[in-house]
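Colleague: Hi! Could you walk me through how the helices pack in this one?

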Amino acid sequence: RLLRRIGTRERYTPVTVDNAPVLRAAELVTGTFELNPVWEPDRSTLLLLFGTNPVVSHGYGTTLADPVARLREFRARGGVVWVLDPRRSETAAQADHHVSIRPGSDHAVLAWLVRELLVDGADRAELDAHCNRADLERLAAAVAPFELDRVARCAGVDPEQLVGLVGAVRRAGKVAAMCGTGVTMSRDGVVAEWLRWVLLIITGSVDREGGMRCNQGWLFPLETRAWPADPPAAGALEPGPSTRPELSRWLVQYPCVALADEI
């Protein structure tokens, strides 16, 4: 109410600090920033965690009341956890596999996974039913440069670790994947989050058992919409503040990175 009373557009919140890529990627994929799938431990067999430490944070998007117990129960039922994180976090200590990738290389690893799964491991029935062939060809061309040796060098890991990762996805078929602030606060956070969506889509893991679930209470109102929704047109986003006009205003606020210059 204060901001409205004084008529300022100078609104900043933590949203543009830590999780804007999550919301922006969801908006680009689904047409709304508010739709994101969540992990269901009881209904999945493979969990990939990129730059997130739910043992400490209690989840990011999926809240875990007792994360250590939930992860142990998941693994006791046969679930497999892969953590891709530069450091051996508390969550990595609870995982089956920890791949210590170089900070900022998450998008490259995700692009390689997508590349390999498009060759072998994608859910063809899902793609044929819901994806445009021309779009799939464009996707394949976009990820083609992300070859194994190149990505392994970029991520600073043994190529065999990545081979083991894609093998786990192929065996599981469906996958749950989450990125945390370690990814979304990096330079390529939006790209990584968008590729996470792509990984879920090509494996038929969006709102499918074994993958990740969308909140049905939120989905019901969306059923009256025409899908897929078009992303915002180029130039449709409002310009940023006077000191940083290149930083588009989004979600009725300016990116917090502009705050110091505005002061």
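Modeller: Happy to! One bit of vocabulary comes up when helices pack: axes are lines fitted to C-alpha atoms, for helices over the stretch in contact, and angles run from 0 to 180 degrees between N-to-C directions. Also keep in mind that this is a predicted model.

Colleague: Got it. So at what angle do helix 6 and helix 12 pack?

Modeller: Helix 6 and helix 12 pack at about 25°, and their axes are 9 Å apart.

Colleague: And what do we call that, roughly parallel or roughly antiparallel?

Modeller: Angles under 35 degrees count as roughly parallel, so helix 6 and helix 12 are roughly parallel to each other. Their crossing is left-handed.

Colleague: Which residues make the contact there?

Modeller: From helix 6 you have His107, Leu110, Ala111, Leu113, Val114, Leu117 and Leu118. Helix 12 brings Val191, Ala192, Leu195, Arg196, Val198, Leu199 and Ile202. Sorted by class, the contact of helix 6 with helix 12 has 12 nonpolar residues, one polar and one charged.

Colleague: Nice. What about helix 6 and helix 10, how do their axes cross?

Modeller: The axes of helix 6 and helix 10 (residues 159–172) cross at roughly 55° and come within 11 Å. That makes helix 6 oblique to helix 10. Helix 6 passes helix 10 in a right-handed crossing.

Colleague: Who touches whom in that pair?

Modeller: Val109, Trp112, Leu113, Glu116 and Leu117 of helix 6 meet Leu162, Val163, Leu165, Val166, Val169 and Arg170 of helix 10. By class, the contact of helix 6 with helix 10 has nine nonpolar residues, two charged and no polar ones.

Colleague: Switching topic: what's the strand order in the sheet?

Modeller: The order is 4-3-2-5, in an open sheet of four strands with parallel pairing. Strand 4 (97–99) and strand 5 (176–179) are the edge strands, each pairing on one side only. From one strand to the next, the twist averages 15°.

Colleague: How many bridges link strand 3 and strand 4?

Modeller: Three bridges, with strand 3 (residues 80–84) and strand 4 pairing in the parallel sense. If you want a spot to look at, Trp82 stands opposite His97 in strand 4.

Colleague: Last one! Where do helix 6 and helix 12 lie on the strands?

Modeller: Helix 6 (residues 106–119) lies across strand 2 (46–50) and strand 3, and runs at about 150° to strand 2. Helix 12 (residues 189–202) lies across strand 2 and strand 5, running at about 175° to strand 5.

Methods. Residues are numbered from 1 along each chain as its sequence is written. This is a predicted model: local features need pLDDT of at least 70, side-chain atom pairs count only at pLDDT 80 or more; totals for chains, interfaces and linings use all residues. Side-chain values use heavy atoms; hydrogens and water are left out. Two strands pair if DSSP finds at least two bridges between them. Helices (H or I, at least four residues) and strands (E, at least two) are DSSP runs, numbered from the N terminus. Contact means heavy atoms within 4.5 Å. Angles under 35 degrees count as roughly parallel, over 145 as roughly antiparallel, 65 to 115 as roughly perpendicular and the rest as oblique. A crossing is left-handed if the near helix is turned anticlockwise from the far one by less than a right angle, and right-handed if clockwise. Ala, Val, Leu, Ile, Met, Phe, Trp, Tyr, Cys and Pro count as nonpolar, Asp, Glu, Lys and Arg as charged, and the others, Gly among them, as polar.
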